[in-house]
Amino acid sequence: MEINGIEEKESTGTNIRSCTLSLVPEGLFQCPLSEQVLFHTNSIQARGRVDHQDTFLDNHELERQRGITIFAEQGRFTLGEDTYTLIDTPGHVDFSPEMERAIRVMDYAIIIVSAVEGVQGHTETVWQLLRKYHVPTFFFINKIDREGADVAAVMAQLRKDCSEHVLLVDEPLQANYVSSSIMEWLAERDEQLLDAFLQDTLDCEQCLVQLQAMIQDECAFPCFIGSALKDRGIQELLAQLPLLTATHFKQDAPFQGEVFKIRHDGHQRLTFLKALQGSLHIRDELTVGEVTEKITEIRLYNGSRFDTVQQVEAGEIFAVKGLSAATIGEQIGSTAYTQPYELMPTLQAKVQYKGDQHIKEVLKIFRLLEAEEPSLRVVWQEKFQEIHVHIMGIIQLEVLVDVLIRRFSLEVSFGAPQILYMETIANTVTGYGHFEPLKHYAEVHVLMEPNARGTGNTFSNACHADALSVGNQRLVEKHLFERDHHGLLTGFPVTDIHFTLLTGRGHNEHTSGGDFREATFRALRQGLEQAHNILLEPYYRFKMKASKDFIGRMMTDIQQMAGTFHDPILTETDAILTGRAPVATLMGYSTTFAAYTNGKGALSLQFDGYDVCHNAEEVIAQIGYDKNADPDYTSSSIFCAKGKGYSVPWDQAQAAMHCQ
């Protein structure tokens, strides 16, 4: 699988059109669509093939050996008077977080669907992400030359699984030609166009303007057909995109950009951005958090090669040197809240290292990799001197082993992946925290309520400024969200809790840095002690398709895996079963499924959030977390009397609080 993006920029810099091309599972021994695009625009002299290990953007040795895209890379080419940037990002599910980061900086997308296999599980994941980020989307039905290709069936599936507004472009659109079927489709959805259509006065310009607007509003999803391998439909697709895409950026506004990738060129850090508005010049200063740094170099990449430039304009994708504090997903120059990413790992693995380097030196290397791939979420356990990483799947671990050897000459292995659990509460409680050793003072009262599943942790403030200063109120909110907080059952993070700051107290003389962190953490922990705690585990949404002879086996297996399913869909030959089941029971099922269906079945899995753990008691016993021995958390409060601090256990803390 591959994800490819095309970004088109007019030479004037006033109108930029961008497209992301998302490829669902394709045969390995083919010429990727990205190669055809680069070839037809004279950016490369020959088309590479995956099986020949010579594709232009898969320039890492690992990618060529495995035949999959692992790292997001980009190319540039010209088409007419326009300059394009093509971004090739991973499509394999183990590397899908990087695909999501690329989607966030695209203005248009094209999803590639096989005319033989149809809509697959990962296609549905990409589609949902595109809708979440409101990226106008096209479809390209590929492999129409293959035996078994059925464009009509795929169109029906797209309209059923994606949107009823998928429009088949049966004849190429031109500035002076729009087919009658497309005119009729547009007229059915707009009264003014309908009147013109009935009076036979509807012209091509009206149709293209309306279609472009509908695409931008996500009310129309044009679909093209062709074959990347046979070079059919590619040039037609490129010729029609300028007619259907248009975006505008504020060129004269202060610079804003979103960081979507970080790499290292030797020891120098490269920060890749999409310019959202304004322009950026060499030696400009950018402020990230509390750090202001100067841009020392700007690069425009084309494969592994690059050109240095003096400035870039809004809409361009580029890399800079000089930024050390920026993180992936951050919007530089903007006060907007950074939207969290949708795709997160559900597994963790322990790093096993027996070399000569000190484990803290190994940790530094993993921190560097975490900057490039933030979903790794490197966890350092000081007590056990262990490093743990979060991962999407087994393939990602194999790639990590290779990367560590090639880049750092570091040989490591990993323990068996374990499920990433989470915890939440089932009832409403108020947590009380007080921190008052000698010459320190802070008190916090926090209402904790269950949130809807999948909402995450949220916050509201009901505290009056007369009780607690606004600055200290903000400190409480900051400390609630500055880190994951351990639950009582397993020590895994708590989620789906709404926190409301009720009241608190500080001291003009004795409250100092860190006091409200201590009081906030103790209040949260004290609330958890009172609550009914629930263990959550990740779930997959599945879609299974096989001969209807296997429907009984499929349903029995899902029931045994603590899953649920909808009524099966039966055809003359096949059965389709959809539902959800825990990741813990379903993640290794693909091998079993392939075996009993003789490789002819199709199984797609999509992350479907967290829900109540099906075997909570067993998991809790296996993990063996001791809530009273957690070095990072305590549920007791500290009070002071006669110049000495003393501890008050959680079940007596409320009565000892100073605030009402």
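**Selected loops, a buried arginine and a helix pair**

Arg377 is partly exposed, with a relative accessible area of 29%, a value that falls between the limit of 20% under which a residue counts as buried and the limit of 50% over which a residue counts as exposed. In this predicted model, Arg377 is found in the loop that runs between helix α10 (359-372) and strand β20 (379-381). The backbone of Arg377 has a phi near 45°, which is a positive value in a residue other than glycine. Most residues other than glycine have a negative phi. A positive phi is also present at Asp200, where the angle is about 60° although Asp200 is not a glycine. Asp200 belongs to the loop between α7 (191-198) and α8 (204-216), and the relative accessible area of Asp200 is 72%, so that this residue is classed as exposed.

Another loop, the one between α4 (121-132) and β6 (137-142), holds His134. With a relative accessible area of 56%, His134 is exposed, and the side chain of His134 nevertheless makes a polar contact with the side chain of Glu218, at 3.0 Å. His134 can also be placed relative to Arg104, a residue 30 positions apart from it along the chain, since the C-alpha atoms of the two are separated by 9.3 Å.

Thr245 lies in the loop between α9 (234-244) and β9 (256-265), and this residue is buried, with a relative accessible area of 0%. A polar atom in the side chain of Thr245 lies 2.9 Å from the backbone oxygen of Leu241. Along the sequence, Thr245 and Asp107 are 138 residues apart, whereas in space the distance from C-alpha to C-alpha is 8.9 Å.

Arg299, which lies in strand β14 (residues 297-302), is likewise a buried residue, because its relative accessible area of 4% is under the 20% limit. Two polar contacts are made by the side chain of Arg299: one reaches the side chain of Asp265 at 3.1 Å, and another reaches the side chain of Tyr301 at 2.7 Å. When residues up to four places away in sequence are not counted, the residues touched by Arg299 are Asp265, Leu270, Phe306, Asp307, Thr308, Phe318, Ala319 and Lys321. Asp265 therefore appears both in this set of neighbours and as a partner in a polar contact, which is defined as a pair of N or O atoms within 3.5 Å.

The packing of two helices was also examined. The axes of helix α12 (residues 470-481) and helix α13 (residues 515-530) come within 9 Å of each other and cross at roughly 55°, and the two helices are therefore oblique to each other. The handedness of the crossing between α12 and α13 is right-handed. On the side of α12, the contact is formed by Asn472, Leu475, Val476, His479 and Leu480, which meet Phe516, Arg517, Thr520, Phe521 and Leu524 of α13. Grouped by class, the residues in the contact of α12 with α13 are six nonpolar, three polar and one charged.

Definitions and conventions:
Residues are numbered from 1 along each chain as its sequence is written. This is a predicted model: local features need pLDDT of at least 70, side-chain atom pairs count only at pLDDT 80 or more; totals for chains, interfaces and linings use all residues. Side-chain values use heavy atoms; hydrogens and water are left out. Axes are lines fitted to C-alpha atoms, for helices over the stretch in contact, and angles run from 0 to 180 degrees between N-to-C directions. Helices (H or I, at least four residues) and strands (E, at least two) are DSSP runs, numbered from the N terminus. Angles under 35 degrees count as roughly parallel, over 145 as roughly antiparallel, 65 to 115 as roughly perpendicular and the rest as oblique. A crossing is left-handed if the near helix is turned anticlockwise from the far one by less than a right angle, and right-handed if clockwise. Contact means heavy atoms within 4.5 Å. Ala, Val, Leu, Ile, Met, Phe, Trp, Tyr, Cys and Pro count as nonpolar, Asp, Glu, Lys and Arg as charged, and the others, Gly among them, as polar. Buried means under 20% relative accessible area, exposed over 50%, partly exposed in between (1.4 Å probe, protein chains only). A polar contact is a pair of N or O atoms within 3.5 Å; within protein, one must be able to donate a hydrogen and the other to accept it, and residues adjacent in sequence count only if both atoms are side-chain atoms.
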